[in-house]
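Reader: I'd like a close look at a single helix here, with its two faces and whatever packs around it. Could you walk me through that part, and then step back to the rest?

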Amino acid sequence: MCGIVGLFLKQPKLEPELGAMLSDMLAVMSDRGPDSAGFAVYGDGARGRVKLTVSGANEAVLREAVAELGRAVGEDLPATFRDTYAVISLPALKEQQARSSIAARMDISFVGAGKRMELYKEVGLPQRVAQRFGLVRMEGSHGIGHTRMATESAVTTRGAHPFSTGLDQCLVHNGSLSNHNGVRRVLQREGMTFETENDTEVAAGYLSWKIREGASLKEALTQSLADLDGFYTFVVGTESGFAVLRDPISCKPAVMAETDDYVAFGSEYRALAMLPGVDKAHLFEPRPATVYAWERG
Amino acid sequence: MSNVDLGKAPLRELNAMLHALAPATNETHWIVTNPGGKHAIACGVDAPVTIDIEGHVGYYCGGMNKRATILVSGNAGVGVAENMMSGEVRVRGDASQAAGATGCGGLLVIDGNASARCGISMKGIDIVVKGSIGPMSAFMAQAGNLVVLGDAGEALGDSIYEARLFVRGNVASLGADCIEKEMSAEDKSILRSVLKRADLADSVSPNDFTMFGSARRLYHFHIDNVDAY
């Protein structure tokens, strides 16, 4: 069992509240996943720049690493430090160089990259994880979160969701895939790389591969119905998009609320019960094997 | 009349009070506010009382119900009225998966739609869904009646034993060993009585339904299959 939540704002007016709303949703889902938690938030982006999310033992280690990274790319890099995580802003052209430098270091790990996406995950109770990273004060247009009750791999930070395998792309998953080893081998032949043995990372990698090959998020998810086997409810974020897919027998629970202001996803209605205007929202269960996708222009 | 605000009172307190009701209790009308999608609200009640729940409920609301009438003004989560023995559960909104699962008796009425596996393994319960039902409904159904005013999803009645499935709209597909059946006078009278209990006798005609049931090829021994044993 795991809990997943997602929130996609259709209007800018609630953007300052995004983190607070997502934080409440995540805390309620502690009952479904007390082992670890994670979330991705799509906030501000700057033209021509990329945000790299990295993790390390503590802030001092991260500050030292960011300074050194700045020397490597030849400019001071603005960064936000939150507990064991740092989000570094750098010119898009320097992304590959910076990622190689990060990969060469033993004291920090690459977590995700995007024009707008920031991604945090840690072991521990979801509420505590949200507090550590100050989710309640984060702003943005959409975000997704996950509370994990581990079944397929160990309780580690690297095994926590969301998984990000492409720029601004991330995915959370409730369920378990049965053919992930085979799919991983196919994707590795296509040049995709994986950080863990986790089944969910394969689903994320599959979508990133399809998008790389020219598919839209909706098309990639539709094709995953034929290629991924197992139980899943996926919630996926991209730079401007948000999507939901359940397996053909809808093994895992899902409920959604839509208003003029937002689309919200929860594993259970309890996770949506505190959202503003939810009593008047259109409440529905996503149908099995049906892709639901929203895009903000 | 007893009022319980689940925004303030713990759910266990409410359920403990309901479980403590004597058979001849005078506290026959309960109002529950702010259910907030909580799980197992009014589960295991065994008293002839009416419980009005104002809002959306989570999983297993009214599970194992005996004799009580439970009214949900909003939507219900997974397994509403699961394993009901008698009494009534009525949901004004939609119901999630496995509504009325394994129910042995009583009446479950859903005004909206029910999603996947409605009436799975039903064992004597009567279920009326005014909207449509999702895929794999009445899977391994054993007894009782499932009445659907709208449509039914894929694999209706897969591996069904002896329940009656009445559908007024379209059926996406039938599951293994589930077939359309001729409605006898007795079947029609049973349907009429279920519709009456759901207060639909005047607005819905039994003649508009198609009945489905078991072809009985799956659960009877057949000599052609002897090699499989």
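Author: Sure. Keep in mind that this is a predicted model. Let's start with the residues of H2(A) that are tucked away: Leu62(A), Ala65(A), Val66(A) and Leu69(A) are buried. Looking down the axis of H2(A), you'd find its buried residues within an arc of 100°, so they line one face of the helix. That fits the usual α-helix, where there are 3.6 residues a turn, so residues three or four places apart point the same way.

Flip to the other side of H2(A) and you meet Ala60(A), Glu68(A) and Arg71(A), which are exposed. As for what sits over the buried residues of H2(A), the cover includes strands S3 (49-56), S4 (79-82), S5 (85-91) and S6 (108-114), along with helix H3 (95-104), of chain A.

The length of the helix checks out too: H2 of chain A has 15 residues (59-73), and at 1.5 Å a residue they should span 21 Å, which agrees with the 21 Å between its end C-alpha atoms. Just after H2(A) comes Gly74(A), with a positive phi of about 85°.

Stepping back, chain A splits into domain 1 (2-44 + 122-295) and domain 2 (48-115). Over C-alpha atoms, the centres of these two domains of chain A are 24 Å apart. Where they meet, 10 residues of domain 1 of chain A contact 9 residues of domain 2 of chain A. On the domain 1 side of that contact in chain A, you get 3 nonpolar, 3 polar and 4 charged residues.

Terms used. Residues are numbered from 1 along each chain as its sequence is written. Chains are lettered from A and ligands numbered from 1 in the order in which they are written. This is a predicted model: local features need pLDDT of at least 70, side-chain atom pairs count only at pLDDT 80 or more; totals for chains, interfaces and linings use all residues. Helices (H or I, at least four residues) and strands (E, at least two) are DSSP runs, numbered from the N terminus. The expected span of a helix is 1.5 Å times one less than its number of residues. A residue is buried if 20 or more other C-beta atoms lie within 10 Å of its own, exposed if 12 or fewer, and partly exposed in between; C-beta atoms are placed from the backbone. The arc is that of the directions from the helix axis to the C-beta atoms. Two residues are in contact if their C-beta atoms, placed from the backbone, lie within 7 Å. Domain bounds come from an automatic or database domain assignment. Ala, Val, Leu, Ile, Met, Phe, Trp, Tyr, Cys and Pro count as nonpolar, Asp, Glu, Lys and Arg as charged, and the others, Gly among them, as polar.
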